[in-house]
Amino acid sequence: MERTRPAEETNEYYSEKMKDLQYKRKSARRRQIARRKRRFYVLLSLVMVTFLGIGYAVSHAVGNIETAEVTSSGKSSGQVQATPYVEPSSDYERVINRSYPIEPGYIAGTGELRTIANSGGKQMETNAAINLEKMIAGLNDAGMSIIVQSTYRTDADQEYLYNRQIGRQGGDELKAATISAVPLTSEHQAGLAVDLSVDGNLDESFAETAQGQWLLEHCVEYGYIHRYTEDKMEITGIIWEPWHFRYVGSPEVAKAITDSGKCMEEYYGKFLDPEDIEPYLPYLK
Ligand SMILES: [Zn+2]
């Protein structure tokens, strides 16, 4: 008699088979997914490495260009950090202020004084004097006259003026120093500065006079600059002085400084030390 399996057994057998088959299929599917994931991550890594590489190459190339630009505009080759300040080409460009005083007896440029024509025997450094004469001639040609009020001062002269100013300010040395330079910090002592006037007075109204306006416009043509402007008082430490003109050696230098919109401290990077400007700020508003 042929042995027959019970239906349940047969069903169970096939059911087991099916489970096994399903299990194998699932395993295969899982392995396939795992393979795809691996491929995906490998590909992702490759893409990231490529992008990082490109990014690095680009930034490196830009860095090289920037370095090259800095080097080409710098003072000397091999200099990585370009200074934003101009290097003086002569001592006519020397910045003189409370933090950068001159030596006793110092006269700039030629080191010699020259008497200015029609000034009552007043003197300035040779080239400053010659160019002041030309500037006054230009003003005269434009139909105006001017008084040469103050030019070269000896160290003793500056000492006297500074002490007199302290007296006028009731003993307030800080205020006095914003009006009359502390001895050895005046451009007049170096023979490079002139104060010009229309009536013998030195005040802000000079800026409104025809002479004052002509000088502000034309002084650069004679190598002079308007040194103490209204907008730079908190940097120069000196009040607005539209009557004070400073010789800087040539029309080119004077024009370059003026066109920069900077005062000499900013242009040459010779700023006042904090102790030489901060206590004075209340007097420079
Ligand atoms: Zn002056």
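**Exercise 1. Determine how strand 4 and strand 6 pair in this predicted model, and which residues face each other.**

*Solution.* Step 1: strand 6 covers residues 244-247, and its pairing with strand 4 is antiparallel, over three bridges.
Step 2: two facing pairs can be named. Val194 is opposite Phe245 of strand 6, and Asp195 is opposite His244 of strand 6.

**Exercise 2. Find the partner of strand 4 that covers residues 147-150, and describe the pairing.**

*Solution.* Step 1: strand 3 spans residues 147-150 and strand 4 spans residues 193-197; three bridges link them in the antiparallel sense.
Step 2: Ile147 is placed opposite Ser197 of strand 4, while Ser150 is placed opposite Asp195 of strand 4.

**Exercise 3. Establish the order of the strands in the open sheet and identify its edges.**

*Solution.* Step 1: strand 5 and strand 6 run antiparallel and are joined by three bridges. In this pair, Tyr224 is opposite Tyr247 of strand 6.
Step 2: the open sheet consists of four strands in the order 3-4-6-5, with antiparallel pairing.
Step 3: strand 3 and strand 5 each pair on one side only and are the edge strands.
Step 4: on average, neighbouring strands of this sheet are turned by 40° against each other, direction ignored.

**Exercise 4. State which way the residues of strand 6 point, and whether they are buried or exposed.**

*Solution.* Step 1: in a regular strand, side chains alternate between the two faces of the sheet.
Step 2: in strand 6, His244 and Arg246 point one way, whereas Phe245 and Tyr247 point the other way.
Step 3: all of these residues are buried.

**Exercise 5. Describe the largest nonpolar core and the elements that contribute to it.**

*Solution.* Step 1: this core has 36 residues, of which Leu132, Cys219, Tyr224 and Ala254 touch the most other members.
Step 2: two or more residues each come from helix 2 (126-141), strand 4, strand 5 (224-226), strand 6, helix 7 (251-260) and helix 8 (264-268).
Step 3: helix 2 provides the largest share, five residues.
Step 4: leaving aside residues up to four places away in sequence, Ala254 touches Cys219, Val220, Gly223, Tyr224, Ile225 and Val248.
Step 5: another core lies apart from this one; it has five residues, including Tyr162, Ala176, Ala181 and Tyr280.

**Exercise 6. Test whether the span of helix 3 agrees with its number of residues.**

*Solution.* Step 1: helix 3 comprises the 14 residues 155-168.
Step 2: the expected span is 1.5 Å times one less than the number of residues, so helix 3 should span 20 Å.
Step 3: the end C-alpha atoms of helix 3 are 20 Å apart, in agreement with that expectation.
Step 4: after helix 3 comes Gly170, which has a positive phi, near 65°.

**Exercise 7. Compare Asn118 and Leu184 in phi, place and burial.**

*Solution.* Step 1: Asn118 is not a glycine, yet its phi is positive, about 55°. Leu184, also a residue other than glycine, has a positive phi near 75°.
Step 2: Asn118 is in the loop between strand 1 (113-115) and strand 2 (123-125); Leu184 is in the loop between helix 4 (173-179) and strand 4.
Step 3: a residue is exposed if 12 or fewer other C-beta atoms lie within 10 Å, and buried if 20 or more do. Asn118 has 10 such neighbours and therefore counts as exposed. Leu184 has 20 and therefore counts as buried.

**Exercise 8. Locate Ala210 and decide whether it is buried or exposed.**

*Solution.* Step 1: Ala210 belongs to helix 5, residues 210-218.
Step 2: Ala210 is exposed because 12 other C-beta atoms lie within 10 Å.
Step 3: Ala210 and Met144 are 66 residues apart in sequence, and their C-alpha atoms are 8.0 Å apart in space.

**Exercise 9. Summarise the chain as a whole and the confidence of the prediction.**

*Solution.* Step 1: the chain contains nine helices and six strands, and 27% of its 285 residues count as buried.
Step 2: of the contacts between residues at least 6 apart in sequence, 65% join residues at least 24 apart.
Step 3: the mean pLDDT is 85, and 72% of the residues reach 70 or more.
Step 4: over residues 60-77 pLDDT stays under 50, and the model has 10 contacts beyond four places in sequence for them.

Definitions and conventions: Residues are numbered from 1 along each chain as its sequence is written. This is a predicted model: local features need pLDDT of at least 70, side-chain atom pairs count only at pLDDT 80 or more; totals for chains, interfaces and linings use all residues. Two residues are in contact if their C-beta atoms, placed from the backbone, lie within 7 Å. Two strands pair if DSSP finds at least two bridges between them. pLDDT is the predictor's confidence in each residue, from 0 to 100. A nonpolar core is a set of buried Ala, Val, Leu, Ile, Met, Phe, Trp, Tyr and Cys residues joined through C-beta atoms within 7 Å. Axes are lines fitted to C-alpha atoms, for helices over the stretch in contact, and angles run from 0 to 180 degrees between N-to-C directions.
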